[in-house]
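This briefing covers the pairing of two chains, their salt bridges and one helix. The sequence and the structure come first.

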Number of protein chains: 2
Amino acid sequence: MSTRIFRTADIGEMEQRFRANLINSLTGFKSVNLIGTADAEGQTNLAVFSQVVHLGANPPLVGIIFRPDTVARHTLANITETGYFTLNHICAEFYERAHQTSAKYPAHVSEFEACGLTPEFSEQHPAPYVRESQVKMGAKLAQRIDLEINGTILLIGELIEINVPEKYLGADGYLDIEGAGTVTSSALDGYHTTQLLSRLPYARP
Amino acid sequence: MSTRIFRTADIGEMEQRFRANLINSLTGFKSVNLIGTADAEGQTNLAVFSQVVHLGANPPLVGIIFRPDTVARHTLANITETGYFTLNHICAEFYERAHQTSAKYPAHVSEFEACGLTPEFSEQHPAPYVRESQVKMGAKLAQRIDLEINGTILLIGELIEINVPEKYLGADGYLDIEGAGTVTSSALDGYHTTQLLSRLPYARP
């Protein structure tokens with residue numbers, strides 16, 4: 001099969017949009033979530049994030065990458081202000097509404113209302129969940145690390161509340177997120193459902 | 001639908017394997033790659049990683065999360081020693097061989113040979129690519145950040161070589177990784193193919 005090879009000089013010379021699409025494609029399929037927050041006055045905010053990573057199970061830690069030049073500003077400000085956020089899996093039936101939260105709404109507009117999604121609260125913390133989501137987590141800000149190399153920010157949160165559909169939770173703790181309708185994303189704008197190939201046994205030499 | 005709610009105390013009391021499966025499920029579908037490295041003597045190593053994130057397009061930076069207690073040890077040692085690594089998308093046709101690289105082989109065994117995958121080299125750097133992979137990148141170590149919160153390590157690499165199938169590269173830079181056969185993973189052992197819902201236009205209020 002015919003291939004294209006790009007090296008450092010080629011990457012530097014790419015047209016900006018072409019480079020953004022290509023480089024964002026290369027990291028593969030992403031974990032895409034809606035992050036729900038509120039400011040100190042209770043004004044809610046909702047934003048789509050595709051850079052969420054598992055950092056550890058005990059304590060349960062997740063990392064989120066923020067780029068300072070994106071619409072993530074309100075989310076970051078709210079987490080800094082209140083110390084809490086929610087992660088909500090995006091399901092196929094509302095992925096278009098989820099994507100719409102990436103539009104640059106003014107600070108006084110809640111993306112919940114603007115995009116047709118429903119805030120839902122717990123007694124554990126002030127951040128809003130997305131009612132339509134099947135898999136949702138509440139997290140407490142644990143640490144912020146500024147990556148000087150390019151100005152991105154790694155926020156680390158500890159999961160303090162987990163809400164999952166009983167039906168898709170296995171006896172071994174494996175959650176069938178495919179069954180729950182969770183989608184994955186590619187590059188900046190591709191959304192995909194999945195089809196399980198298999199779960200593989202723990203590998204031994 | 002009936003749901004299960006777990007809070008901090010419940011998470012702390014979970015049986016270890018249950019907690020590992022559940023918490024690893026919660027971050028959603030992951031970018032799963034084979035990381036190829038070599039030591040200073042040219043001994044090759046290959047390991048499957050599901051924690052690869054996009055950090056920026058210009059310069060093209062990726063982040064990888066390493067857990068100190070995993071088989072990642074050889075990979076981390078080799079990157080520290082030589083300064084280079086490759087990322088290779090895992091395709092459906094060889095995902096079982098890719099998963100097998102997570103077995104704990106001794107240091108003198110190359111997972112390429114043990115798992116039936118083929119090393120391929122470029123003149124740009126000493127790290128081996130996986131010939132069977134359709135989408136592959138060579139990266140230079142840029143920074144290592146130790147996350148004191150739980151001992152994980154964030155390695156940041158700059159992409160210096162990109163090799164993609166011409167057929168799946170769009171005029172706008174979007175790479176059709178689904179077409180190229182790239183898989184995604186869930187939790188610790190689930191592998192999935194994907195089905196595009198759609199690419200959505202840039203969202204505006």
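How many salt bridges does the structure hold over all chains? The structure holds 14 over all chains, a salt bridge being a side-chain nitrogen of Lys or Arg within 4 Å of a carboxyl oxygen of Asp or Glu. The model is predicted: local features need pLDDT of at least 70, side-chain atom pairs count only at pLDDT 80 or more, and totals for chains, interfaces and linings use all residues. Residues are numbered from 1 along each chain as its sequence is written, chains are lettered from A and ligands numbered from 1 in the order in which they are written, and side-chain values use heavy atoms, with hydrogens and water left out.

**Symmetry**

- Chain A is superposed on chain B by a rotation of 180° with 0.0 Å of shift along its axis, at an RMSD of 0.0 Å (least squares on the C-alpha atoms of residues with pLDDT of at least 70 in both copies).
- This is the relation of a two-fold axis.
- The C-alpha of Thr194(A) is the one in chain A nearest the axis, 2.1 Å from it.
- Both copies use the same surface, since 100% of the contact residues of chain A recur in chain B.

**Interface**

- Contact (heavy atoms within 4.5 Å) involves 102 residues of chain A and 103 residues of chain B.
- About 9200 Å² is buried between chain A and chain B, 62% of it on carbon and sulfur atoms; buried area is the accessible area (1.4 Å probe) that two parts lose on being put together, summed over both.
- Phe29(A), His54(A) and Leu200(A) supply 9% of the area that chain A buries against chain B, more than any other three residues.
- Between chain A and chain B there are 6 salt bridges.

**Salt bridges between chains**

- Arg4(A) pairs with Glu166(B), with the closest N and O atoms 3.3 Å apart.
- Arg4(A) lies in strand 1 (residues 3–7) of chain A and Glu166(B) in the loop between strand 11 (152–165) and strand 12 (184–186) of chain B, so this salt bridge joins two chains; strands (E, at least two residues) and helices (H or I, at least four) are DSSP runs, numbered from the N terminus.
- Arg4(A) is partly exposed at 31% relative accessibility, and Glu166(B) is partly exposed at 34%; buried means under 20% relative accessible area, exposed over 50%, and partly exposed in between (1.4 Å probe, protein chains only).
- Glu166(A) and Arg4(B) also meet in a salt bridge, at 3.3 Å from N to O.
- Arg199(B) bridges to Asp189(A), with the closest N and O atoms 2.9 Å apart.
- Arg199(B) is partly exposed at 31% relative accessibility, whereas Asp189(A) is buried at 11%.

**Salt bridge within chain B**

- Glu120(B) and Arg131(B) form a salt bridge, their closest N and O atoms being 3.0 Å apart.
- Glu120(B) lies in strand 8 (residues 119–120) and Arg131(B) in the loop between strand 9 (129–130) and strand 10 (136–147) of chain B, so the pair ties together parts 11 residues apart in sequence.

**Helix 3 of chain A**

- Thr75(A), Leu76(A), Asn78(A) and Ile79(A) are the buried residues of helix 3 (residues 73–82) of chain A.
- These residues lie on the same side of helix 3 of chain A because they cover an arc of only 165° around the axis, taken from the directions from the helix axis to the C-beta atoms.
- Gly83(A), just after helix 3 of chain A, takes a positive phi of about 85°.
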